[in-house]
Amino acid sequence: MNTKMKVLSLAIVGLVGFAGSAFAVCPAGPTTAEGGAWTSKASLPDPTSSPVTVVAGGLDASACKLTAALAPITAASATVRYTHAASEPNYRFQFLIDNTLLSSYNATDGVVVFQAPATTTAHGLSRLLRVSVVAGPGGAKRVRFIASCGTGSFTCAQSFATDLLPGVNRIEGKLTVGAGAAGSLSYFVNAAAGAAEPAASGTIANLDNAAWGGVSAASLGLTAPSQTWADTHGNQAVGFDTFDSRRNTYIGF
């Protein structure tokens with residue numbers, strides 16, 4: 001099935017075959033042990049200084065959202081992780097991110113908000129993709145995609161050349177794992193609503209990423225902040241919602 005979940009903290013779409021529904025009451029936390037749907041969560045250095053929590057009032061008319069904030073250090077992390085049993089060479093993902101409470105960025109600000117860990121570690125890298133929020137001009141924020149690739153320094157990166165909205169933004173990606181030109185990433189940032197797949201906001205071609213096997217997990221939240229991000233944006237909460245992952249079909253709204 002490709003059933004779409006509207007409540008990130010309550011139900012994750014774990015690729016074909018997983019389905020669920022929204023709950024009337026928010027769970028105590030995002031993990032399955034707490035009533036949520038994520039396999040695990042991580043708060044470094046501790047849950048008090050880097051909280052990752054479920055709160056009422058979602059970003060997409062949903063019941064709940066996930067919020068994450070970081071302690072003002074570069075080693076901080078506030079993330080959730082869903083571990084998938086299979087290795088997926090075709091992987092689509094979508095999530096909403098709310099940057100309302102993040103103050104203006106400076107040129108060296110950056111934080112990772114999504115990662116797709118790989119089945120196999122290759123060239124010293126254990127993930128196929130990272131998505132970061134980085135600085136745009138004049139204090140604005142932009143989204144940057146960093147894919148593992150088989151050439152050069154083994155990372156191929158591209159920033160979307162349009163500022164994020166000062167509020168809720170939708171990010172979707174289509175990652176294909178394969179040798180040579182068969183490996184690619186297409187991404188969609190605040191694409192128009194609709195079931196039909198629009199032109200991609202951007203594409204990174206010829207990734208030659210077959211060595212990593214496929215996507216084996218998904219990680220969402222805040223991690224790996226730059227020093228200036230930690231200094232300026234520590235303790236500022238970011239909201240996440242409407243996570244969805246599939247093998248083939250465009251997700252949209």
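Is C156 buried or exposed at 18% relative accessibility? In this predicted model, C156 counts as buried, because its relative accessibility of 18% falls under the 20% limit. The residue belongs to a disulfide with C149, in which the sulfur atoms are 2.1 Å apart. C149 is likewise buried, with a relative accessible area of 0%. The dihedral about the S-S bond is 90°, and the link of C149 and C156 is accordingly right-handed.

The disulfide count comes to two. Besides the link of C149 and C156, a disulfide joins C26 to C64, with an S to S distance of 1.8 Å. This link of C26 and C64 is left-handed, with -110° about the S-S bond. Distant parts of the chain are connected by the pair: C26 lies in the segment before strand 1, whereas C64 lies in strand 3, and 38 residues separate them. The accessibility of the two cysteines was also computed. C26 counts as partly exposed because its relative accessibility is 26%, while C64 is buried, with a relative accessible area of 0%. When the bonded cysteines of the protein are numbered in sequence order, the pairing reads 1-2, 3-4.

Strand 3, which holds C64, also takes part in sheet pairing. Strand 3 (residues 64-68) and strand 14 (residues 238-246) are paired in the antiparallel sense over three bridges. Within this pairing, L66 stands opposite F240 of strand 14. Both strands belong to an open sheet of seven strands, which has the order 2-3-14-5-10-11-12 and antiparallel pairing. The edges of the sheet are formed by strand 2 (52-56) and strand 12 (202-204), each of which pairs on one side only. On average, neighbouring strands of this sheet are turned by 25° against each other, with direction ignored.

Further antiparallel pairings involve strand 4. Strand 1 (residues 40-44) is joined to strand 4 (residues 77-88) by five bridges, and the two strands run antiparallel. The bridge partner of A42 in strand 4 is T79. Strand 4 pairs in the antiparallel sense with strand 13 (residues 215-223) as well, here over eight bridges. T79 appears again in this second pairing, where the residue stands opposite G221 in strand 13. T79 thus has A42 as a bridge partner and also faces G221. In general terms, strands of a sheet pair through backbone hydrogen bonds, in either a parallel or an antiparallel manner.

The interior was examined for enclosed space. Rolling a probe the size of a water molecule over the atoms shows where empty space is left. A search of the whole structure finds two cavities of 30 Å³ or more. The volume of the second largest cavity is about 40 Å³, and its lining consists of L125, R127, L128, L129, R130, I146, A147, S148 and T155. Two or more residues of this lining are given by each of strand 7 (125-135) and strand 8 (141-148). Strand 7 provides the largest share, namely five residues. By residue class, the lining of the second largest cavity divides into five nonpolar, two polar and two charged residues. Among the lining residues are R127 and R130, which count as charged, and S148 and T155, which count as polar.

Methods:
Residues are numbered from 1 along each chain as its sequence is written. This is a predicted model: local features need pLDDT of at least 70, side-chain atom pairs count only at pLDDT 80 or more; totals for chains, interfaces and linings use all residues. Side-chain values use heavy atoms; hydrogens and water are left out. Two strands pair if DSSP finds at least two bridges between them. Helices (H or I, at least four residues) and strands (E, at least two) are DSSP runs, numbered from the N terminus. On a 1 Å grid over the protein atoms alone, a cavity is a set of points where a 1.4 Å probe fits but cannot get out, and a pocket is an open set with protein on both sides within 12 Å along at least five of seven lines; lining residues have an atom within 4 Å of a point. Grid points are joined across faces, edges and corners, and a volume is the space filled by probe spheres set on the points. Axes are lines fitted to C-alpha atoms, for helices over the stretch in contact, and angles run from 0 to 180 degrees between N-to-C directions. A disulfide is a pair of cysteine sulfur atoms within 2.5 Å. Buried means under 20% relative accessible area, exposed over 50%, partly exposed in between (1.4 Å probe, protein chains only).
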